[in-house]
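Please open the structure in your viewer and keep the selection panel at hand, since this tour goes from one selection to the next.

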Amino acid sequence: MDFNDTPELASFRQDVRTWLNANAERRTDKLHMGMEGEQAFQEAKAWYKTKADAGYACLTWPKDYGGAGLTSLHEVVWTQEVEHFKTRDAHFVIGIGNCGPAILHFAEEEQKRQLLPRMASAEDVWCQLFSEPSAGSDVAGLRTRAEKNGDDWTLNGQKIWTSGAQYSDYGVVLTRTDPTVSKYRGLTLFMIDMRQPGVEVRPIKQMDGGQHFNEVFFHDAVVPDSYRLGDVGGGWTGALTILMSERLAISGVQPTGFPQFLDLVKSLKLDGEPIANDPIVRDRLASWYSQYAGLQALYKRMLTAVAKGGIAGAEASMGKLVGAVMNQEIANFTCQLFGPAGIILDAEISPERAHFEEQVLFSPGVRLAGGTDEVMRNILAEQVLGLPQEPRADKGIAFQDIPTGPS
Amino acid sequence: MNFEFSEDQLFIRDQARNFLSRECTAETVRAALLSENPCDQALWQKIVDLGWTGIAIPESHGGLGLGYLELCVIAEEMGRSLAPVPFASSVYLATEAIKHFGSDEQRARYLPGLASGEFTGTLATSEGINSAQLHTEVKNDRASGCKLPVPDGDIADFVVFTARDAGGATGLYITDLADASVSREVVPSMDPSRSQARLVFNDCAAQKLGDAGEEALTALLDQTAVLLAFEQIGGCQAALDMGIAYTRDRYAFGRAIASFQAIKHKFADMYVALELARANAYYGACALASDAPDLPLAAATARVSATDAYYLISKENIQAHGGMGFTWEFDCHLYYRRAQLLSTLIGALPAWKEKLTTRLLQAA
């Protein structure tokens, strides 16, 4: 056991640090860099191009596909170093983290060479189209139809919760190609051109007023068979690969709210008294730190396993579950500290508080996106601890015969 | 960066697990729980013979000369098996206190006997629930005062204890418990598989332990916090495994109760608490083995995390067993009792949370 980089990684870290200092702006706060507005999107694209030109894009992808051919540990070093700089990747996390691996795994060689380098440098932006209004946690219950017409497929239906669809050039879409077989066997994955006729993107207004997600409607949208990823009817296996990548990608960047809370405790006085002296604040700080430090250490354990040739386990599900809950609890606790003024949502009046007040309204979504708390618990209980599944009403029957609710 | 034990250390862990699963079953623990003498002497002798009491004692003093990582892997197994022996008090506390802070003469006098099993020792810091002000005094090498509770204080051969000197400064002292002017009696406790005693020093002979003061005690408790965290996660894993095995086989409403999400989600939360505690304990072990500057924060974090996890897992294991979990016959209460013992042994949760917070806010 030791904390130090190997000589090779230490040297890589030094190179990264030098390059970042020369090419990026240091950040002064610990707030999450989201995806607000067109200007932020253009800045993010420009940053990815700079990064790709310097050879720092998609470090673990093969060089032939626009990557750097390095290891997960190099990726971690990069993530640790880039955290100190004002850079945005929220627009591209899903594409590179989810769609990229699916294409690496399922696409033809020529498609990989054509599509992946443009994805790595953010010249093309990708989104993932899985969830539907009637298929959330039960995502395999989706109804968007893809029907074969000669060499093409015709798509009709509706997707929901599609992050970044409005920015995207391409998507990876999970469709139902056969409703007469059991639900997991009738699914097929495709790539789709998001700019083509028959694809309509509408933003969703969230409960906090923001618009991070979209609904996407397909009206006779045509997809060539060459855009199919994997076998007809093999979509569920592909989707599972992608969803595990998503949880892995999320776990490294899952906001917990803890660094912001620690900053606040160190700096804020209420009625002249540092809140750091409040016994209740001190108690909560200790509890949340022990969880936060646990997640950091868990991540280090996962990396050790990966470095030794193992695979990431349930760490990603744990990071998602613990981080999302902590984020909401911290936001609520902090606003309660402010008394009646905790209700004010105005960064002009309360710059040090605005983050927490915004998070009170945004954090419920984090507990739902990318697998709800309850789905994470089911994954841990069934896949890690080996507990039996619930009896199910959709087993062994054709998708078209599965009972549905009134609508 | 490498965050795993070495092959050799994992080998020691596997050997310890095999040995204890054979030699320290639930029946062994129950026998100690009901016995007048809660130290299983036969088991203790075998542990001594395996060299575990001397694992971190230098070879020059009769030990194996290994390090803290080896001690951590054994601690995890001691915790898993609920071993009814004075390992924590004698090995983590007394032995380490003498090793770090004793004079050359004290080290030469005690360490070989601790390694060979000739002696066991313990550490006494608490003076009941009003412990903020230390009342035990040592003047002219004579000690007066009362310590309560002292883990394994009824069977230890010597005790390292905290006391004030004539000038009011806190220090660590050592006294042999065979001395007739020390009285000791067992006090009832929540986990009678390990005894707790009241020690009264009636003007008994006591030596200063090197020049150890308050900082020495803090450092000793920090490293003990890491070792106890491994005992705690060992116990957590055993209790979690027990609950899973039971709920998979227990049927109600025509199905295994482990298939209900109410049960599954409970186990998922227990597993998460355990894995966070394990990760913090590993980080603490790494900091301890390398004497890293953030050891004090890492130790407090490991302590808080492991204490929270063992309480959660031991109580929810009872809950998952339903009414059977509340019976004497089922082993659930053995873990629940041990969780209480380990959580109070070197200072309880509020004190360790306060240490964590103070250290965190002092860090850059």
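Which domains does the domain assignment of chain A give? As you look, keep in mind that this is a predicted model. Select residues 7-91 of chain A for domain 1, then 126-238 for domain 2, and finally 254-384 for domain 3, as the assignment gives them. If you now keep domain 1 and domain 3 of chain A in view, you are looking at two parts whose C-alpha centres lie 24 Å apart.

Next, turn to the place where the chains touch, and select the 41 residues of chain B that are in contact with 36 residues of chain A. On the side of chain B that touches chain A, the elements giving two or more residues are α7 (214-249), β10 (255-256), α8 (261-289), α9 (295-320) and α11 of chain B. Colour α8(B) first, for this helix gives the most to that side, with 17 residues. Colouring that side of chain B by class then shows 24 nonpolar, 9 polar and 8 charged residues.

For the last stop, select helix α8 (residues 279-307) of chain A together with helix α11 (residues 349-362) of chain B, whose axes come within 9 Å and cross at roughly 85°. The helices α8(A) and α11(B) are therefore roughly perpendicular to each other. Show the side chains that make this contact, among them A:Arg282, A:Asp283 and A:Tyr289 of α8(A) and B:Lys353, B:Glu354 and B:Leu360 of α11(B). Counted by class, the contact of α8(A) with α11(B) has 5 nonpolar, 2 polar and 4 charged residues.

Terms used: Residues are numbered from 1 along each chain as its sequence is written. Chains are lettered from A and ligands numbered from 1 in the order in which they are written. This is a predicted model: local features need pLDDT of at least 70, side-chain atom pairs count only at pLDDT 80 or more; totals for chains, interfaces and linings use all residues. Axes are lines fitted to C-alpha atoms, for helices over the stretch in contact, and angles run from 0 to 180 degrees between N-to-C directions. Helices (H or I, at least four residues) and strands (E, at least two) are DSSP runs, numbered from the N terminus. Angles under 35 degrees count as roughly parallel, over 145 as roughly antiparallel, 65 to 115 as roughly perpendicular and the rest as oblique. Two residues are in contact if their C-beta atoms, placed from the backbone, lie within 7 Å. Ala, Val, Leu, Ile, Met, Phe, Trp, Tyr, Cys and Pro count as nonpolar, Asp, Glu, Lys and Arg as charged, and the others, Gly among them, as polar. Domain bounds come from an automatic or database domain assignment.
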